Amino acid sequence: MEGQITVIGAGKMGLGIAQFFAQNDKEIVLVDLNERVIEEAPDKIKEELIHLVNIGILKEEKAKEILNRINFSSNLNDASSSKLIFEAIPEKLDLKRNLFNRLEKICDISTIFATNTSGISINEISTVLKRPERFIGAHFFMPAAIIPLIEVVKSDRTDHGVADYIITLFKTLGKEAVLVRKDIPGFIANRIQHAMAREAISLLEKGVASAEDIDTVIKWSLGIRMIFTGPLEQRDFNGLDIHSDIAAYLYEDLENRTVASPLLLQKVEKGEIGVKANKGFYEWDEDTKQQHIQAKNDALLKMIKYLEKESMNNNESNYKE
Ligand SMILES: NC(=O)c1ccc[n+]([C@@H]2O[C@H](COP(=O)([O-])OP(=O)(O)OC[C@H]3O[C@@H](n4cnc5c(N)ncnc54)[C@H](O)[C@@H]3O)[C@@H](O)[C@H]2O)c1
């Protein structure tokens with residue numbers, strides 16, 4: 001049904017979303033209103049694809065085909081013939097509402113609109129829409145072409161058939177798609193990520209261990225285990241009786257502040273905002289940080305490929321050669 005797919009916004013997420021669909025044989029229109037951004041977009045995607053060729057994930061011929069499947073445009077009217085549109089513009093409610101308002105005017109009434117918002121309420125965006133039943137959240141994770149999961153978020157008015165259709169589409173294309181039945185702030189992953197980060201920052205603030213050691217504990221204990229068992233399944237292995245005994249003395253000691261911690265606020269105030277500023281909880285080197293990110297992405301890709309081969313994931317590969 002979907003035919004050509006439009007992705008709107010050619011920033012960090014939109015580029016990856018367009019690449020993901022094109023890798024899976026879909027014809028794409030990638031729209032960004034910023035002329036400079038759209039001029040640079042083909043080279044950015046090409047660079048990613050060449051890298052995949054260089055590390056042996058893609059064949060050169062396939063990489064060319066993928067790039068040829070993406071049409072780049074700075075004119076929103078080029079979205080009008082798509083029946084499926086994914087938005088990845090900045091995280092601002094009014095910007096997103098205005099965009100979908102305009103799209104509803106130029107697109108067929110059967111078009112499905114999906115937003116990649118990280119946390120704005122799907123209900124709130126859709127209040128201005130004439131056809132909220134055809135509007136849904138499709139939350140990709142960074143890097144969108146690599147991370148297998150999509151949170152598909154229904155608003156109170158999203159049609160069940162639309163949610164089913166989007167989930168089936170992603171599963172067919174090799175993603176793991178999960179239905180978030182309630183439009184809750186942060187959906188599932190960001191809620192759990194922030195709960196963990198709040199505790200980690202608090203441990204750092206209390207001087208319990210260094211940033212590196214806190215990360216090491218998570219990477220080589222919970223992190224590595226969680227590829228195979230999520231937190232609920234893991235608790236079944238642990239025993240809910242034991243969990244409940246631990247909860248009885250531990251919960252009252254866990255970080256539960258409802259505002260960002262002073263340590264976090266001080267860092268932001270000083271401009272120590274992470275990799276972008278070469279300083280956050282760690283010091284980053286301007287010359288090597290890109291290699292660092294690339295090495296992690298490559299390792300993720302290899303691990304996903306391995307898991308697919310071991311049939312941990314029953315879906316088709318994201319990286320058809
Ligand atoms: N960056 C992440 O890790 C991440 C992860 C998951 C979800 N998200 C969400 O994805 C969305 C996009 O994030 P990003 O990091 O790619 O942002 P970004 O700033 O990198 O890119 C946004 C792009 O949208 C373009 N744009 C702005 N207004 C537009 C309009 N009206 N029409 C067309 N293009 C327009 C901009 O020129 C820019 O290129 C946000 O809602 C964000 O919260 C981001």
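**Exercise 1. Determine how helix H9 and helix H10 are oriented relative to each other, and which residues form their contact.**

Solution. In this predicted model, begin by locating the two helices, of which H9 covers residues 231-238 and H10 covers residues 240-250. Next, read the geometry of the pair, whose axes lie 6 Å apart and meet at an angle of about 100°. Angles from 65 to 115 degrees count as roughly perpendicular, and H9 and H10 are therefore roughly perpendicular to each other. Then find the residues that make the contact, which are Arg-235, Asp-236 and Asn-238 on the side of H9, and Leu-240, Ile-242 and His-243 on the side of H10. Sorted by class, this contact of H9 with H10 holds two nonpolar, two polar and two charged residues.

**Exercise 2. Carry out the analysis for helix H7 and helix H11.**

Solution. Start again with the positions, since H7 runs over residues 189-205 and H11 over residues 262-269. The packing angle of H7 and H11 is about 90°, and their axes are 9 Å apart. That angle makes H7 roughly perpendicular to H11. To see where the helices touch, look for Ile-201, Leu-204 and Glu-205 in H7, which meet Pro-262, Leu-263 and Leu-264 in H11. By class, the contact of H7 with H11 has five nonpolar residues, one charged residue and no polar ones.

**Exercise 3. Describe the surroundings of the ligand, from its shell of residues to its polar contacts and its buried area.**

Solution. First consider the shell, which consists of 20 residues around the ligand, with Met-13, Asp-32, Glu-91, Lys-96 and Ser-118 coming nearest. By class, the shell has nine nonpolar, seven polar and four charged residues. Second, follow the polar contacts to oxygen atoms of the ligand: a polar side-chain atom of Glu-91 lies 2.5 Å from one such oxygen, a side-chain N or O atom of Lys-96 is 2.8 Å from a ligand oxygen, and a polar backbone atom of Lys-12 is 3.0 Å from a ligand oxygen. Third, turn to area, where the ligand taken alone exposes 840 Å², of which the protein buries 77%.

**Exercise 4. Find the loops that hold Pro-143 and Asp-25, and describe the backbone at each residue.**

Solution. Most residues other than glycine have a negative phi, and most peptide bonds are trans. Pro-143, in the loop between strand S6 (135-139) and strand S7 (149-153), is joined to Met-142 by a cis peptide bond with an omega of about -5°. Asp-25, in the loop between helix H1 (12-23) and strand S2 (28-31), has a positive phi of about 70° although it is not a glycine.

Technical notes. Residues are numbered from 1 along each chain as its sequence is written. This is a predicted model: local features need pLDDT of at least 70, side-chain atom pairs count only at pLDDT 80 or more; totals for chains, interfaces and linings use all residues. Side-chain values use heavy atoms; hydrogens and water are left out. Axes are lines fitted to C-alpha atoms, for helices over the stretch in contact, and angles run from 0 to 180 degrees between N-to-C directions. Helices (H or I, at least four residues) and strands (E, at least two) are DSSP runs, numbered from the N terminus. Angles under 35 degrees count as roughly parallel, over 145 as roughly antiparallel, 65 to 115 as roughly perpendicular and the rest as oblique. Contact means heavy atoms within 4.5 Å. Ala, Val, Leu, Ile, Met, Phe, Trp, Tyr, Cys and Pro count as nonpolar, Asp, Glu, Lys and Arg as charged, and the others, Gly among them, as polar. A residue is near a molecule or strand if one of its heavy atoms lies within 4 Å of it. A polar contact is a pair of N or O atoms within 3.5 Å; within protein, one must be able to donate a hydrogen and the other to accept it, and residues adjacent in sequence count only if both atoms are side-chain atoms. Accessible areas come from the Shrake-Rupley method with a 1.4 Å probe; for residues, only the protein chains shown count as cover.
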